[in-house]
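This report describes one protein model for a reader who is new to structural biology. Please keep the sequence and the structure in view while reading.

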Amino acid sequence: MAMNTNIESTDALQQKIGSRFNVAHKNQPLHDSVRQALESYFTQLKGQAPNNLYELVLAEVEVPLLEAVMEYTKGNQSRAAILLGLSRGTLRKKLKIYGMLD
């Protein structure tokens with residue numbers, strides 16, 4: 001029964017994030033938006049080699065993900081950690097890194 005609650009919570013989160021995203025990007029899948037953003041980024045580099053691209057992309061995606069989940073859970077870190085599939089300690093560490101702790 002607890003499994004169904006988590007699935008429902010995850011589905012609700014996906015709908016909430018999806019509805020915000022779809023309005024902004026006309027039903028474009030996240031995968032396609034990320035791909036377009038990277039192609040645009042590479043174009044702007046004009047042949048220069050990017051530095052720490054992996055970390056850059058993770059930070060750009062991780063912050064809005066954490067913000068949306070924390071908003072959805074009304075700041076409940078334990079619930080947010082469960083939704084994200086992280087330990088509460090790992091979540092707190094990430095929130096601290098991005099200056100998202102009170």
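## Confidence of the model

Across the chain of this predicted model, pLDDT averages 82, and 75% of the residues score at least 70. Helix H1, residues 2-25, has the lowest confidence in the chain, with a mean of 49, while H4 has the highest, at 98. Over residues 1-8 the pLDDT stays under 50, and for this stretch the model has one contact beyond four places in sequence.

## The nonpolar core

Which residues make up the largest nonpolar core? There are nine of them: Leu66, Val69, Met70, Tyr72, Ala80, Ala81, Leu83, Leu91 and Leu95. The elements that contribute two or more residues to this core are helix H3 (53-72), helix H4 (77-84) and helix H5 (88-97). H3 provides the most, namely four residues.

The length of H3 can be checked by a short calculation. H3 has 20 residues, and at 1.5 Å a residue it should span 28 Å; the C-alpha atoms at its ends lie 29 Å apart, which agrees with the expected value. The buried residues of H3 are Glu62, Leu66, Ala68, Val69, Met70 and Tyr72.

Met70 is a member of the core and is also listed among the buried residues of H3. Leaving aside residues up to four places away in sequence, Met70 touches Gly75, Asn76, Gln77, Ala80, Leu91 and Leu95.

## The loop after H3

Thr73 is located in the loop between H3 and H4. Is Thr73 buried or exposed? Thr73 counts as buried because its relative accessibility is 4%, and the cut-off for burial is under 20%. With residues up to four places away in sequence again left out, Thr73 touches Arg79, Ala80 and Leu83. Ala80 and Leu83 also belong to the largest nonpolar core. Lys74, just after H3, takes a positive phi of about 55 degrees.

## The aromatic pair

The structure contains one aromatic pair. Its members are Tyr41 and Phe42, with 6.1 Å from centre to centre and 55 degrees between the planes, and the pair is tilted. The pair is not called edge-to-face, because that description requires planes over 60 degrees apart. The table gives the accessibility of the two residues.

| Residue | Relative accessible area | Class |
|---|---|---|
| Tyr41 | 26% | partly exposed |
| Phe42 | 41% | partly exposed |

Both values fall in the partly exposed class because they lie between the cut-offs of 20% and 50%.

Methods. Residues are numbered from 1 along each chain as its sequence is written. This is a predicted model: local features need pLDDT of at least 70, side-chain atom pairs count only at pLDDT 80 or more; totals for chains, interfaces and linings use all residues. Side-chain values use heavy atoms; hydrogens and water are left out. Rings of Phe, Tyr and Trp (its six-membered ring) pair if their centres lie within 6.5 Å; planes under 30 degrees apart count as stacked, over 60 as edge-to-face and the rest as tilted. Buried means under 20% relative accessible area, exposed over 50%, partly exposed in between (1.4 Å probe, protein chains only). A nonpolar core is a set of buried Ala, Val, Leu, Ile, Met, Phe, Trp, Tyr and Cys residues joined through side-chain atoms within 4.5 Å. Contact means heavy atoms within 4.5 Å. The expected span of a helix is 1.5 Å times one less than its number of residues. pLDDT is the predictor's confidence in each residue, from 0 to 100.
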